[in-house]
Amino acid sequence: MKNFYDKFSETYDKYIKQNNLRATRFLLKKIKLTKNAKILDLGAGTGIGSIPFVRDGYKNITLVEYSPNMLDNAKKKKELKTCRFICEDIMDLNLNEKFDLIFSIFSFGLHAYFDKKEMPVLWKKIHKHLKSNGIIALIGHEYPVPKSLFKEIKSGKKKIIEGYSAEWYIGSKKEMKK
C-alpha cells in the first residue's frame with residue numbers, strides 16, 4: 001500500500017485537491033476552536049486538508065502521513081511551512097502529546113488505509129491523543145465512531161464528489177472511567 005501511495009503522490013494533487021479542499025472547508029465551518037489550538041491531521045497525504053486551517057489562521061498543525069513521497073510534497077507547499085510533519089503509520093502513532101482537534105479527510109473510508117479489524121485500535125489511538133473535551137472531525141469515513149469513546153456533536157452526509165455523498169462526523173472526547 002505504501003508503494004501505491006508513494007507513486008500516487010506524483011498526481012495526487014491534480015485529482016484530489018479540489019475535493020479535499022471542499023471537504024475541509026465544510027468541516028472547518030462546523031468547528032469552534034481558538035487560533036492557538038493544537039491540530040493533528042491524520043492521513044494527511046500531500047497536506048491539502050491542512051491548508052484551509054493555515055489560511056484561517058491556525059498555526060499549530062501536525063501532519064501525519066505514512067507515505068514519504070506524499071509527505072515530501074506536503075513539505076514543499078508554502079502554506080504549510082510552519083507545520084510539523086511526521087512520517088509514520090497511524091497505527092504506530094505514539095506522540096506523547098494531546099491535541100485540541102484531530103481530523104481526517106477521506107482516510108477512514110472503506111478500502112482507504114484500514115480494515116474493520118484495525119478500527120478499534122485506531123479509535124483508541126485517536127482518543128489517547130485528544131485533550132479532555134478535544135474534538136474529532138472526519139469526512140469520508142465509513143466505520144461507525146464508537147459512542148464509548150466519543151460523544152457526537154454533529155454528523156451527516158455531504159456531497160463533495162459528483163455522485164458521492166460522504167459521511168461526516170464531529171464529536172468530542174469522552175473521558176474513560178477509571
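## Overall architecture

Read from the N terminus onward, the secondary structure of the protein follows the order α-α-β-α-β-α-β-β-α-β-β-β. This pattern comprises five helices and seven strands. The model is a predicted one.

Of the 178 residues in the protein, 52% are buried. The accessible surface amounts to about 9,400 Å², and carbon and sulfur atoms contribute 51% of that area. When contacts between residues at least 6 apart in sequence are considered, 67% of them join residues at least 24 apart.

## Strand E1 and its partners

Strand E1 spans residues 38-42. Five of its five residues are buried, so the strand is largely enclosed by the rest of the structure. Its side chains are divided between two directions: Lys38, Leu40 and Leu42 point one way, while Ile39 and Asp41 point the other way. Burial applies to the residues on both sides of E1.

Two strands pair with E1. Strand E2, residues 60-65, runs parallel to E1 and is joined to it over five bridges; within this pairing, Lys38 stands opposite Asn60. Strand E4, residues 99-105, is likewise paired with E1 in the parallel sense, over three bridges. Here Leu40 of E1 stands opposite Ile102 of E4.

## The environment of Lys38

Lys38 belongs to strand E1. Is this lysine buried or exposed? Its relative accessible area is 18%, below the 20% limit, and Lys38 is therefore classed as buried.

Beyond its neighbours within four places in sequence, Lys38 is in contact with Asn60, Glu97, Lys98, Phe99, Asp100, Leu101 and Lys131. Asn60 is also the residue that stands opposite Lys38 in E2. A polar atom of the Lys38 side chain lies 3.5 Å from the backbone oxygen of Lys98. In addition, Lys38 takes part in a network of salt bridges with Arg84 and Glu97.

## Salt bridges

The structure holds six salt bridges. One of them joins the side chains of Arg84 and Glu97, with an N to O distance of 2.7 Å. This pair links distant parts of the chain, since Arg84 lies in strand E3 and Glu97 in the loop between E3 and E4, 13 residues apart. Arg84 is partly exposed, at a relative accessible area of 35%, whereas Lys38, a member of the network that includes Arg84 and Glu97, is buried.

A further salt bridge is formed by the side chains of Arg55 and Glu79, at 3.0 Å from N to O. These two residues are 24 apart in sequence: Arg55 is in helix H3 (residues 51-55), and Glu79 is in the loop between helix H4 (68-75) and strand E3 (84-87). Arg55 is exposed, with a relative accessible area of 55%, while Glu79 is partly exposed at 24%.

Glu167 and Lys157 also form a salt bridge, in which the closest N and O atoms are 3.8 Å apart. Here the link is between two strands, with Glu167 in E7 (residues 164-173) and Lys157 in E6 (residues 150-161), ten residues apart. The relative accessibility of Glu167 is 31%, so this residue counts as partly exposed. Lys157 is exposed, with a relative accessible area of 57%.

Definitions and conventions
Residues are numbered from 1 along each chain as its sequence is written. This is a predicted model: local features need pLDDT of at least 70, side-chain atom pairs count only at pLDDT 80 or more; totals for chains, interfaces and linings use all residues. Side-chain values use heavy atoms; hydrogens and water are left out. Buried means under 20% relative accessible area, exposed over 50%, partly exposed in between (1.4 Å probe, protein chains only). Helices (H or I, at least four residues) and strands (E, at least two) are DSSP runs, numbered from the N terminus. Two strands pair if DSSP finds at least two bridges between them. A polar contact is a pair of N or O atoms within 3.5 Å; within protein, one must be able to donate a hydrogen and the other to accept it, and residues adjacent in sequence count only if both atoms are side-chain atoms. Contact means heavy atoms within 4.5 Å. Accessible areas come from the Shrake-Rupley method with a 1.4 Å probe; for residues, only the protein chains shown count as cover. A salt bridge is a side-chain nitrogen of Lys or Arg within 4 Å of a carboxyl oxygen of Asp or Glu.
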